Amino acid sequence: MSDSDSDDYSATVLGSHWFSGPQPTQQQTRIQPQEAVPDRVEGSVLRFGPGVTAAMPAPFPVVVAEPVPRRRLGEWRRYTLAVVVLLAVLAYLAWQRYGPAIEVRDVTVATADPKGPGCDSAADVVAVVRTNGRPGTLTYRWVRSDGTQSEQLTERVPRGRKEARLHLLWTFRGRGTYGAEAELRLVSPGERTASTRFTYRCAG
């Protein structure tokens, strides 16, 4: 291109049809995408309708209660029964140990031989003390019709025994006949008395 030609050169403005791509319109608007709404909730996953295969995590925690296995329920029932039985046994043992004290229900006195002792022999006088079966100690003394009495004596009664036997051996010597009386005086628990009469006979 010559210098003369360059003097005649000028830029050419291209028409709008030379630009590629769609032409913008004056009323072109933007369409905002709408938020998708799930059609049901399954566990902690939101499920959408047909055509959507992806599962989105729920925006909030969904707690589903797990069913308690039947085996675990059976174990709890068995343990509960064992605990109840154990508590019942402990309560019974505590009652046996720390429950009500010994109580005397009745006292009787009699000789082992209703005929009385023979020459130069001893009379076996027996007092039967009936209790409530609780453990404890009986405190008592024997009083004889000849004006003598024993020291204060004790008898330990174990648990479960409802009867205690207290013995007095009264020895007689010589010839003749003697009317005797033996009395039991219970000091504790509770004051009670009981007595019996018998005759000593020795003719020969």
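Start with the whole chain in cartoon view: the protein has 2 helices and 10 strands, and the model is a predicted one. Colour from the N terminus onward and the elements follow the order α-β-β-β-α-β-β-β-β-β-β-β.

Next, switch to a surface representation. The accessible surface of the protein is about 16,200 Å², and carbon and sulfur atoms account for 54% of that area. Of the 204 residues, 21% are buried, taking buried as under 20% relative accessible area. If you draw a contact map, look away from the diagonal: of the contacts between residues at least 6 apart in sequence, 59% join residues at least 24 apart.

Now select residues 136-144, which is strand β6. Which strands pair with β6? One is β7, residues 153-157, joined to β6 in the antiparallel sense over 5 bridges. To find this pairing, pick G136, whose bridge partner in β7 is V157. Another is β9, residues 176-188, also antiparallel to β6, over 6 bridges. Two residue pairs are worth displaying here: V143 stands opposite E183 in β9, and R141 has R185 as its bridge partner in β9.

Add residues 192-202, strand β10, to the selection. The 4 strands make an open sheet in the order β7-β6-β9-β10, with antiparallel pairing. β7 and β10 are at the edges with a single partner strand each, so one side of each has no neighbour in the sheet. View the sheet face-on to see its twist: neighbouring strands are turned by 25 degrees against each other on average, direction ignored.

Conventions: Residues are numbered from 1 along each chain as its sequence is written. This is a predicted model: local features need pLDDT of at least 70, side-chain atom pairs count only at pLDDT 80 or more; totals for chains, interfaces and linings use all residues. Side-chain values use heavy atoms; hydrogens and water are left out. Buried means under 20% relative accessible area, exposed over 50%, partly exposed in between (1.4 Å probe, protein chains only). Contact means heavy atoms within 4.5 Å. Accessible areas come from the Shrake-Rupley method with a 1.4 Å probe; for residues, only the protein chains shown count as cover. Two strands pair if DSSP finds at least two bridges between them. Axes are lines fitted to C-alpha atoms, for helices over the stretch in contact, and angles run from 0 to 180 degrees between N-to-C directions.
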